[in-house]
Amino acid sequence: MKKNLRLLPFILLLTGCQSFLDVQPELQVDESQAITNGSTAEAAVNGLYNRLGSDSYYGSNFPAISYLSGGDIQWTGSQSDPQQITARKLTADNGYVGSAWSAIYKTILQANYLLETVPTLSDPQLTADRKNQIQGEAYALRALSYFDLARGWGGVQLILKATHTPSDNTGITRSSLDDTYAQVLKDLTAAEPLLGNTTNRNKVTRKTVWALRARYHLYRKEWEQAETYASKLIDDAASYKLTKPYNAFFANNAVATTESVFEIAYTNSFKNGHYNWWLPPALSGRREWAPNDKLVTLLNDPTVGGNRSELIAKTVPPGNLWYGKLYYRTPLGTDPAYVIRIAELYLIRAEARAQLGKTTTALADLNAVRDRAGVALSQASTKETLLLAIENERQVEFPFETDRWFNLIRTGRVAAVLGITDVNKYVLPIPNSEILADKALTQNPGY
Amino acid sequence: MNTTSMKIPVHNVLKTLLLLAFITSQAFAQSRVITGTITGKDDGQSIPGVNIVVPGTNQGAQTDANGKFSIQVPPSAKKLAISAIGFVTQEISIDNRTTLDVALSSDTRQLSEVMVVGYGTQTKAEFTGSAVRVNGDAIKEQPVQSFDQALQGRAAGVSIAQPNGVLNNPPVIRIRGVNSISLSSYPLVVVDGIPINTGNVSASTAVPNNPLGDINPADIESIDVLKDAASTSIYGSRAAAGVLLITTKRGKAGKPRIAYETWVGASEVVRLPKLLNAEQFISIKNEAVLNAKILGGNATNDNVASALFFPNTNADGSAINTRWSDYIYRTGVSQSHNISVSGGTQSTTYYFSANYTDQKGFLVANEFKRKAARFNIDQEVTTWLKLRGSVSYNTSDNQSPYAGSLPGSNFFLVGAARLSIALPPNVPAYNADGSYNISKTNPNTIGMGNNLVVSNFGNPVALLDQNRFTSGNDRIIASFGATAKLLKNLDFATTYAIDRLRTDNVSFNSAIQGDGYSTKGSVTNVSAIRDNWNWTNTLSYKETFATKHAVSVLAGYDVQKFNNSAWGATRTQTADPFFDNYQGNWGAITASGNDLSERAYLSFFSRLNYDLNKKYFVTVNFRRDGNSALGTGKKYGNFGGVSGGWALGEEPFYKNSRLASTLTNIKLRASWGRVGNGNLSDSYSSLELYSGSLYGNAPTWAISQAGNQNLGWETSEQTNIGADLGFLNDRIQVDVTYFNNNVNGLILSAPQAVSKGIPGNSILGNVGSMYNRGIELGINATILRKGDFSWNAAFNYTNLNNKVTALADGNTDIVGTTHVSYETTNVTRVGYSVGSLYGAKTAGVNPDNGRRIFINGKDEKVQYSQVVAPGESQWTYLDGKTAAAITGADYYLIGNALPRWYGGLVNNVRYKNFDLSVNLTYSGGNLVMNGTRATLLDQRAYNNSTEVLTRWQKPGDITDVPRLIYNDQLSTGSSFPVSTNAEKADFLRLQNASIGYRLPTTLFSKIGLSSVRVYAQGSNLFLITPYSGTDPESSVNGNSNTTPGIEKNSVGQARTITFGLNVGF
């Protein structure tokens, strides 16, 4: 009996621990519990902006691909990826191109999640207006993402549903460029009525959609609509006007000025990567690239750059090296990323009007931008001279933003301006990693 | 001399002893008394419990706790037989003596050895699996930081490589090869019953922190390596990569034994590459500059420089010629002290030890310190209840600069190994005024003096002086256990153990030089707690039926929980350079290094051993394992194994055969088992997760991981067939084993189309298969044993073949990268071994023009020139026509990166009081990518090795060094790996050699010392290898399964010489 008593503790030890293996993360949340109510939906839509502003997208890589390709920026660092882009000797292995592609599709996935989940939520805190607003933002940012893919890579595969399991979204082939753009328009059209007609420079509103549409129609050479949509913002002078002087939209830590239609906000905990590549080592960057002599000359020319010379500065002697200082703030990386500014809408409308033969009003729009920069007003009077003047204006107005390369490709002027005659190089290569992982995908010719 | 007795099972010996004790109590008339002391020949320590009998009689006695005995012997007695477990039995003539002091030799025969197996022990005779025991003495004198580093070459089937020479870096341990692709291939390490944290717990890529360094090597009694499924399956899913069972020392009954062990040593760097001196550097670099000018069509263009490199002079006018390695490496002096006290009574035994070690590496600012204490106690409370307790407390602190040798660090511009070879020799470390030589225009780089170029690199002297990276542990490993005899033959054992590891990581980057420059200084403190507890309960039953059916059954369960929590912050923008601590005054702060995770294991297991007449053995294991990291519904798995043995040598028909006189012992064994692997590095891998971030200041949710609810176990089915052979009375013992390990359901990141937008572009799934097949051979031989001279040798050899048989989604290759995503160095491809070397195929240098020739994916020869005249192409076919550039699509599988054969040879020689030990290790059959050669031939402003002097200079030159063109980093392998840098990794290393001398007892016995031994030893004394780089064992990807065999910009192993002293009181 006594011996049997000794068995007792052992039996007690065997009593169960059924839920012992059910361990849940505390820093992350399972998808099923992620977007469940109003506040989590709001957080998830913020997550969409976070994706849009990631380093690989508007946080630096995507704009860099554009301005590095544009012939005005020189490669001054040690990394081979930006060197390839600057020299326009891109291969399908290029890391910048690969990570930008990947980041854009991550943004699209987040939008797809929101579009799939938010309509199903039932939370009294989440009003119909808020639901619409969130879906509108998701549509609009998906449109922006496909627009960026289209102008970068051409027609791409259209992923319009969320990916949950490995078998989702497989075997989708590339759509044509027209179909890709059609999706952009479809999403913008869907977004417009869902969004409020308010002004918010860090988030998408109906006005942001108009601005994106203006740019879309310009790229599609739909001049009347480009003019119409650009006018919707330019006419809203209470909300949007050109800041004067030029640097007022970024200097002295300015954020969300009237200049900005849509800029991405950063903090010390969510950084814009641009500073690292532009600033010289003495200012805590790498100066991996810098404005080249041609651009420095243009910006410093009072008749061309005007007060846009504030975009650049020189390191202290004996270095005396020019560097770009659009992204300059302390703490480092808190500079906004400029997605679309009112100056661009002026130049969109100027171009659309020039194309439509409205040379006088076109010139006025152009000169609004020139006037703000403190340069003499243009006297261009013909469509051709106006278009050239607008092209040149864009060069010095947006040298460190996402414009120059795509603009020259759009207008077909890239061969004339940059001497690049191989049309295969007018689009970026599809990243090798994507080609390897996705048998349904075809590479752009020439890569 | 070697006779019987050791095959008697332990409990029979005990019975005999008791019987003898009874008998000896009855004195015989006219007999005489002989007294004496029995000591061990190896260490001079007295041995309690030695059995002394008069042969042919039933008279006997036992030594007491001090090794002393007293025996009544009849007048007729001529001899005494003296035997003890673990020692060779001796018969000594007594003549007329009344005192008799005998020194016993250790028994080298292993069949009587006790094997520690999962949740218990077995004798080697009963054991039918595959395992090796390494004695603690073999490692305690080695100048290592953790015991695992000292296991090189000591056990068949166990490959241990030192990926670099940074102190306390975890070695790469592979038991029977790589057994997974994405999960850890590090074996399970169990210390006194508790599985403990392994790997690298440092939060920094500068300083490693192997948590096994928290185990004082001098405390280790033995290490048992379990290799096959039959041995490991009791550990189920934890054991797919094998198991190391560590048993720490415990007390023995008797008077207190005090041992003091110490050594001092010096480490040096070896096999540094030969570099150009300043004069050669200037001429070579300017040749490249001039070539670039000419090839660019600028031969007559005065605006293009013909030379960019120029001499710099010291204050006295002499030319500066800096050997950077002199500033980066040093002779590191180390010392270690260990003191232990053990002893006890029949019911209580204890072992107490304290350890202090301070080891300085050959790399400046690399230093490892450990202070440790251990207390082990065993208490017999009643006849049926025994308690055992262990507490060890340890603090260790490791400091290292960026050596560029740890995983994910070899391309850092601050890596010391790279700086030592790449910096220009014609600039000084310090300016004439004693300040650091730092560029005035690019203040985060080295000053280039008269050279007209800017270097990317910093000044290593400033980096080593100013920056500081440490990772230190505070750790308690403690266990409490009880064994209760519930019924006759039925034992209950319980062990509760905790392993609480607190790691503090500090990374200080000064504003002066290095990674802190851009942020005006930065300091990151990350504190991590790894809290792990384990509770094991077993019931075991042992009975022998009808005298020949011996059965033992074990059943139990094991729960273990890991709670990991880490938090930290980075402060930047120093208020003043004075501050070099987190607590100082800084301008900005961000969170850093946060982690919070839990992992739970819950397992039930059982084992049945059966043997018939000690001739036929069967062991059956079963384990049901639960692991919280796996997918819902896949958390549990069933594993087990069966093994059998046949002691053919015990069969009468064999004993009578002629063969038996030579092949005295023969045992055949075979096992089959299935083990699992669920050692996911992330506790939540199966889940589809959202994680938070910020947009502006607003909180966000975004998808961060695509999960797979069906993520289940990797399983390996292991077959093991072997034989234990004893020749010439077991003077030569051979252990030969064939193994086949088929691993299925490998957890792999199935690459997903990027356009799906999934974070990481992959989802984990059980999609791959591979196998490891091979043969192990172990030979232990007493080569000579004659009088005072003995020579034992142990040789082991493993031949291993790894092949991947299936991968994810249409067998897509897995491309492995080294540090940066564009350095695609390895490929895992069906039909080849895991992590084969990968890169561009080269075909030498075109003798006509000095251009590197590559073979593209279409098998065409293309050549490259960094600089060409305007309008020409850098890439051309040999006929000059424009060719497409070599890209990832052209890379090919260069060769196998895993050793195909490896092993070691340990020799122990004793002569009188001298002992000599020589341990050789060897390995080969694989290639290693000598990425450092690419750095050494890089045509940027880097210095080069003297190999560059063999460069192509004129048509007709046959060489592998292309024509030098300034800024060319592609031709020699800096842009992407090239096959010409892949070299054979075969080597033979004198891992360790030591010579010791035991001072005669007469010299010091009066002052209370019982033994004194002095020794000298050296590690890594020579290396014979065709490999032209520093060390063919190097691996900059550490323990990675998919990227082995890459050496780039890293430090090799040290050569260490130590002098030691062991004193027993």
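Me: Which residues in α9(A) do Ala140(A), Ala143(A), Leu144(A), Phe147(A) and Arg151(A) in α7(A) meet?

Reply: A word first: this is a predicted model, where local features need pLDDT of at least 70, side-chain atom pairs count only at pLDDT 80 or more, and totals for chains, interfaces and linings use all residues. Residues are numbered from 1 along each chain as its sequence is written, while chains are lettered from A and ligands numbered from 1 in the order in which they are written. Helices here are DSSP runs (H or I, at least four residues), as are strands (E, at least two), numbered from the N terminus, and a contact puts two C-beta atoms, placed from the backbone, within 7 Å. On that footing, the partners in α9(A) are Thr208(A), Val209(A), Leu212(A), Tyr216(A) and Tyr219(A).

Me: How many residues of the contact of α7(A) with α9(A) are nonpolar?

Reply: Nonpolar means Ala, Val, Leu, Ile, Met, Phe, Trp, Tyr, Cys or Pro; Asp, Glu, Lys and Arg count as charged, and the others, Gly among them, as polar. One residue of this contact is polar and one is charged. The nonpolar ones number eight.

Me: Are α7(A) and α9(A) roughly parallel or oblique to each other?

Reply: Helix α7(A) spans residues 128-153 and helix α9(A) spans 206-219; their axes lie 11 Å apart and meet at an angle of about 25°. Axes are lines fitted to C-alpha atoms, for helices over the stretch in contact, with angles from 0 to 180 degrees between N-to-C directions. Under 35 degrees counts as roughly parallel, over 145 as roughly antiparallel, 65 to 115 as roughly perpendicular and the rest as oblique. The two helices are therefore roughly parallel.

Me: What is the orientation of α4(A) and α6(A) to each other?

Reply: The axis of helix α4(A), residues 61-69, comes within 9 Å of that of α6(A), and the two cross at roughly 135°. Among the residues that meet are Phe62(A) and Ile65(A) in α4(A), and Tyr96(A) and Val97(A) in α6(A). By class, this contact has seven nonpolar, two polar and no charged residues. The helices α4(A) and α6(A) are therefore oblique.

Me: Which element supplies the largest share of the side of chain A that touches chain B?

Reply: Chain A gives 67 residues to the contact and chain B gives 69. Several elements of chain A supply at least two residues each, including α1 (2-13), α3 (38-52) and α18 (432-437). The residues of the side of chain A divide into 32 nonpolar, 25 polar and ten charged. The largest share, nine residues, comes from α6(A).

Me: What percentage of the 447 residues of chain A count as buried?

Reply: The secondary structure of chain A comes to 18 helices and seven strands, and its C-alpha atoms fill a box of roughly 110 × 55 × 45 Å along the principal axes. A residue is buried if 20 or more other C-beta atoms, placed from the backbone, lie within 10 Å of its own, exposed if 12 or fewer, and partly exposed in between. In chain A, the buried part is 54%.

Me: Is Asn366(B) buried or exposed?

Reply: Asn366(B) sits in the loop between β19 (348-360) and β20 (367-380) of chain B. Leaving aside neighbours within four places in sequence, the contacts of Asn366(B) include Val166(B), Leu167(B) and Gln399(B). Because 29 other C-beta atoms lie within 10 Å, Asn366(B) is buried.
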